[in-house]
Amino acid sequence: MKTKCLFITLATCLLVCGCNTDSKESLEKKAVSIMGKMAKTLNTVDSEAAANKAIIKLEKLQKELNETKAKLSEYGNQDIASEYGMRMFNCYMNQVIPALEKAQKNAPESYDTIADIITSGEHTKLKEEHEKSFGTNIPTGEDYIKAHPQLDQTIADCIRNKQVMVGMNKEEIIASLGTPNSVGRDNKGGEELIYMDNGKMITYYLIDGIYKGAEKER
C-alpha cells in the first residue's frame, strides 16, 4: 500500500512540477523531426485556402517545438556548432526557408501570419525594424531609376537586372534587390545587408555605406 502511494505521489509531482524525464538525445531528435514536419506543412501551401489549413497545423507544431526546446534548455544552452545545432540549422535553411519562400509566392496574403508562426513573432519585429531603418518610400527597379536621372548607367543596368556591383550604396542595393531579410554590423563596424535567395543566405558588406565586394554566401 505504501509503495502504491509512493508511485502515485511521484507521478503527481512529475505532472505538477513538469520535471523533464526525456533524454537530451530524444528531445533533440524530436525537435529536428518537428522542424521537418513544419517544412512539409509549408510545402502544402499552394493557395490562400491551403494556407489557412496549414496555419492551424503550424501553430500546433510551433507550440510543440517551443515546449521541446524548453525541455532541452534544462540541459544547458544549445551550441549551434554541435551536431544537434547543425542538424537544426541545416533543416531550417534547406527545408523550411525554401518552403517558406514558396508559401510567400503562393499565398502572399497569409505570408506574414505564417512567417510569424515560424519565427515566433520575430518576422513582424524585423519587418518593423526594416521600415524604421530604410523607410517605406524607397522605390525599386525602374521607379528608382526614373527618380534618379543622374544615376550611373552601369548601376542603373544592375538595378534593372536585380544585380549588385561594387560601388553601389545601401539605397541602390535595396532598389535592386528589395528590403533585406535582415541587417546587422560586423565586429569592425561595417554594415551587413542579409538576403535569402532559394534557401541560401547572401550577405553584402558595406563600408562607409558603400558595397566593397566582400560578399559571403552560405
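The legends below accompany close-up views of a predicted model of the protein.

**Figure 1. Overall arrangement of the nine helices and four strands of the protein.** Read from the N terminus, the elements follow the order α-α-α-α-α-α-α-α-α-β-β-β-β, and 34% of the 218 residues are buried. Of the contacts between residues at least 6 apart in sequence, 51% join residues that are at least 24 apart. The protein exposes about 13,600 Å², of which carbon and sulfur atoms supply 52%.

**Figure 2. Helix H4, residues 83–106, and the elements that its buried residues pack against.** The 24 residues of H4 should span 34 Å at 1.5 Å a residue, and this agrees with the end C-alpha atoms, which are 34 Å apart. H4 nevertheless bends by about 35° at Tyr92. The buried residues of the helix are Tyr84, Gly85, Met88, Cys91, Met93, Val96, Ile97, Ala99, Leu100, Glu101 and Ala103. On the helical side, these buried residues pack against H2 (24–42), H3 (48–72) and H5 (111–118), among others; their partners also include two strands, E2 (191–197) and E3 (200–207).

**Figure 3. The largest nonpolar core of the protein, with 29 residues.** Within this core, the residues with the most contacts are Leu42, Leu58, Ile114 and Ile118. The elements that contribute two or more residues to this core are H2, H3, H4 and H5, and the largest share, eight residues, comes from H2. In soluble globular proteins, nonpolar side chains tend to be buried together.

**Figure 4. Surroundings of Ile114, one of the residues with the most contacts inside the largest nonpolar core.** When residues up to four places away in sequence are not counted, Ile114 touches Leu42, Val45, Ala51, Ile55, Leu58 and Leu100. Among these partners of Ile114, Leu42 and Leu58 are themselves listed with the residues that have the most contacts in the core, while Leu100 is one of the buried residues of H4. Apart from the largest core lies another core, of 17 residues, which includes Leu151, Cys158, Met168 and Ile174.

**Figure 5. Two loop residues, Lys162 and Asp208, that have positive phi values without being glycine.** Most residues other than glycine have a negative phi. Lys162, with phi near 55°, is found in the loop between helix H8 (153–160) and helix H9 (170–177). Because its relative accessibility is 61%, Lys162 counts as exposed. Asp208 has a phi of about 55° and lies in the loop between E3 and strand E4 (210–217). The relative accessible area of Asp208 is 79%, so Asp208 is exposed as well.

**Figure 6. Ile210 in strand E4 and its contacts.** At 27% relative accessibility, Ile210 counts as partly exposed, since buried residues are those under 20% and exposed residues those over 50%. With neighbours within four places in sequence left aside, Ile210 is in contact with Gly167, Met168, Asn169 and Tyr205. Of these contacts of Ile210, Met168 is also among the residues of the core of 17 residues. The C-alpha atoms of Ile210 and Glu191 are separated by 9.2 Å, the two residues being 19 residues apart along the chain.

Conventions. Residues numbered from 1 in each chain as written. Predicted model: local features only at pLDDT ≥ 70, side-chain atom pairs only at ≥ 80, totals over all residues. Heavy atoms only, no water. Buried < 20%, exposed > 50% of the residue type's maximum accessible area, 1.4 Å probe, protein only. Contact = heavy atoms within 4.5 Å. Areas by Shrake-Rupley, 256 points an atom, 1.4 Å probe, with all protein chains shown as cover. Expected span 1.5 Å × (residues − 1). Bend = angle between axes of the 7 residues up to and from the residue. Core = buried A, V, L, I, M, F, W, Y, C linked by side-chain atoms within 4.5 Å.
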